[in-house]
Amino acid sequence: MSGVTLQDTLMNHNVTMRHVEAHVAEWSAIGPGIPYIFGEANSLYNQGRPGLSNTFGAALWAIDFCLYSASVGIGRIHLHMGTNYRYQSWQPIATEHTTIGTKAPYYGNIAVAAFLGDQRATNIQIAHFPLKGTGHEAAYGSYTSRELRKIMVINMNAYNYSVADPSPRGYRVFALPVSAELNIRAVTLHRLVANGSDAITGITWDGWSYNYELAEGKPVRLPNVTIGEKLQVQNGLVNVPVWDSEAVIVNLEK
Amino acid sequence: MISGNNSHPNNFSYNLLNNIADLQGTKPYIRVGGNTQDYAVFNSSLKAALVGTFDSSRSADYPTTIVIGPSFFESYNTWPGIQFSHGFNLGGNHDYRVFDTLLQTIPLACKALQGRMYTLEYGNEADAYPTSAQGQVRPLSYTEANYVEEWHEGTQTIRKIIRDVCPDARSRNGAVGFMAPSFTGVNNRLSARKAWEAGLNSFRDIHYFSSHL
């Protein structure tokens with residue numbers, strides 16, 4: 001499987017869009033009149049690849065893939081799992097190959113669920129915001145009754161922290177326009193955080209860990225993670241700094 | 001199996017599913033199937049839920065010789081509130097017991113899925129049956145029309161037996177339906193579009209157009 005890398009294959013917004021668009025084209029050509037779903041999907045074939053599919057970078061890929069799919073009308077995604085599979089969101093039992101536990105991709109699933117919000121409401125729409133950048137960033141909006149309530153920003157520039165001499169971690173500032181009509185002075189942030197795109201452990205969502213060892217998968221707030229960040233809207237813009245290999249939900253809800 | 005059985009449900013998995021449910025307002029829907037659905041042959045005397053034999057020349061990750069017993073379906077009794085899709089065996093793995101497997105597992109599936117039937121599935125990635133890396137199960141001459149004919153034979157059997165054995169069974173829109181065609185993607189040997197045009201949904205019982213990525 002030469003030429004497959006985290007940065008070029010998974011943490012690559014243009015590649016992910018192309019894969020989904022191929023299905024949209026098929027759907028448009030067929031016009032089946034019923035919901036179009038991905039009955040089985042995940043990052044890489046042959047049940048995923050170690051060092052890629054089991055990392056935090058793959059969690060970020062999963063957010064991009066799921067939200068882009070939602071934005072073009074895909075009705076549901078079944079993310080493929082199996083015992084000992086590399087792209088699994090969790091391993092349900094201990095085996096000789098894999099430890100029992102919550103794996104990196106699960107945290108991408110949590111961030112998507114948090115962004116989608118209560119799906120019993122029928123007035124929620126997900127929009128894709130095209131960005132001018134490196135092709136390794138993505139942004140989405142969540143609208144309730146056509147009013148923008150949340151923005152998801154995914155910074156998929158890779159950062160390897162587990163090397164002998166890691167370089168300083170980069171970050172990018174996303175200037176997000178916030179319409180004056182929304183009458184919002186400040187926004188709150190929920191971050192999906194890990195040490196780098198190569199991280200396979202130590203991930204938190206808004207300070208929550210869902211690790212098996214803590215409470216058998218139930219959420220536990222970790223004491224040393226920043227939460228409750230607020231940013232001011234100034235001149236119709238909010239400037240959101242996002243570390244390379246990180247995702248943030250910007251909440252516009254009052 | 002990942003959800004456990006009647007005496008040992010997998011609570012860890014249920015906790016993780018509920019975390020997602022708490023955020024998105026509905027519990028995730030679980031589709032049970034994949035390559036392994038097309039290897040599973042039924043043995044009514046088997047005490048274990050599933051006995052699988054691995055063949056590393058086919059796959060190191062999952063068994064490609066599989067026998068399931070009645071207790072396989074106990075997994076569908078776990079995880080209150082979760083809805084499941086059960087996938088039946090169309091590929092067959094050259095095993096003469098495959099149609100018997102269908103006839104025997106339909107009643108077990110519809111009873112186990114009472115009140116929690118998301119949808120049903122017949123065959124996984126049939127577009128790869130002539131070329132599968134895990135072993136060819138249809139000739140290279142297999143066409144979309146062949147697939148549609150087989151799919152109709154099996155799914156009409158499923159619907160008939162469910163009407164007899166589980167007359168109250170419902171999945172979506174007040175009827176029992178399917179996800180299909182569950183092909184590998186958009187660029188492979190058989191085309192989902194040609195299968196659709198060959199009349200895949202002529203009985204109007206496909207509730208979800210399913211494709212794999």
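Q: How far apart are the mean positions of the positive and negative charges of chain B?
A: The idea is to take the centre of each set of charges and compare the two places. In this predicted model, chain B has 17 positive and 18 negative charges, and their mean positions are 5 Å apart.

Q: How many positive and negative side chains does chain A have, and how far apart do the centres of the two sets lie?
A: Chain A carries 18 positive side chains and 19 negative ones. The centres of these two sets are separated by 6 Å.

Q: What is the secondary structure of chain B?
A: One begins by counting the elements and then reads their order. Chain B has four helices and eight strands. Along the sequence the order is α-β-β-β-β-β-α-β-α-β-α-β. The radius of gyration of chain B is 17 Å, close to the 17 Å that the globule rule gives for 213 residues, so chain B is as compact as a globular protein of that length.

Q: What does the C-alpha trace of chain B span along its principal axes, and what share of its residues count as buried?
A: The span is about 45 × 40 × 35 Å. Of the 213 residues in chain B, 57% count as buried, where buried means under 20% relative accessible area. The exposed area of chain B is about 9,000 Å², with 49% of it supplied by carbon and sulfur atoms.

Q: Which contacts in chain B link residues 24 or more positions apart?
A: This is read as a share, not as a list. Among contacts in chain B with a separation of 6 or more, 75% are between residues 24 or more positions apart.

Q: How many helices and strands are there in chain A, and what is its radius of gyration?
A: Chain A contains five helices and 15 strands. Its radius of gyration is 18 Å, which agrees with the value near 18 Å that a compact globule of 254 residues would have. The C-alpha atoms of chain A fill a box of roughly 55 × 50 × 35 Å along the principal axes.

Q: What share of the residues of chain A count as buried, and how much area does chain A expose?
A: Of its 254 residues, 51% count as buried. Chain A exposes about 11,500 Å², and carbon and sulfur atoms supply 50% of that area. As for contacts in chain A with a separation of 6 or more, 66% are accounted for by residues 24 or more positions apart.

Q: How many disulfides does a search of the whole structure find?
A: A disulfide is a covalent bond between the sulfur atoms of two cysteines. The search finds one over all chains. B:Cys110 and B:Cys166 form it, with their sulfur atoms 1.9 Å apart. The pair links distant parts of the chain, 56 residues apart: B:Cys110 is in helix H2 (residues 98-112) of chain B, and B:Cys166 is in the loop between helix H3 (144-165) and strand S7 (178-183) of chain B.

Q: Why is the disulfide right-handed, and are its cysteines buried or exposed?
A: The handedness is read from the torsion about the S-S bond. For B:Cys110 and B:Cys166 this torsion is about 75 degrees, so the disulfide is right-handed. B:Cys110 counts as buried at 2% relative accessibility, and B:Cys166 is buried with a relative accessible area of 5%. In chain A, A:Cys66 is buried with a relative accessible area of 12%.

Q: Where is B:Asn89 found, and which residues is it in contact with?
A: One places the residue first and then looks around it. B:Asn89 is in the loop between strand S5 (84-88) and H2 of chain B. B:Asn89 counts as buried, at 4% relative accessibility. Leaving aside neighbours within four places in sequence, its contacts include B:Gln37, B:Asp38, B:Tyr39 and B:Tyr122. The C-alpha atoms of B:Asn89 and B:Glu121 are separated by 8.8 Å, and the two residues are 32 residues apart along the chain.

Q: Which residues does a cis peptide bond join?
A: The angle to read is omega. The bond joins B:Ala180 and B:Pro181, with omega about -5 degrees. B:Pro181 is in strand S7 of chain B.

Q: Where does A:Ser145 lie, and what is its phi?
A: A:Ser145 is in the loop between strand S6 (137-144) and strand S7 (147-155) of chain A. Its phi is near 50 degrees, a positive value in a residue other than glycine. A:Ser145 counts as partly exposed, at 48% relative accessibility. A:Asn46 is not a glycine either, and has a positive phi of about 55 degrees; A:Asn46 lies in the loop between S1 and helix H3 (56-71) of chain A.

Definitions and conventions
Residues numbered from 1 in each chain as written. Chains lettered and ligands numbered in written order. Predicted model: local features only at pLDDT ≥ 70, side-chain atom pairs only at ≥ 80, totals over all residues. Heavy atoms only, no water. Disulfide = S-S within 2.5 Å. Helix = DSSP H or I, 4+ residues; strand = E, 2+ residues; numbered from the N terminus. Buried < 20%, exposed > 50% of the residue type's maximum accessible area, 1.4 Å probe, protein only. Rg over C-alpha atoms; globule rule 2.2 N^0.38 Å. Contact = heavy atoms within 4.5 Å. Areas by Shrake-Rupley, 256 points an atom, 1.4 Å probe, with all protein chains shown as cover. Lys, Arg positive; Asp, Glu negative; His and termini not counted. Charge placed at Lys NZ, Arg CZ, Asp CG, Glu CD.
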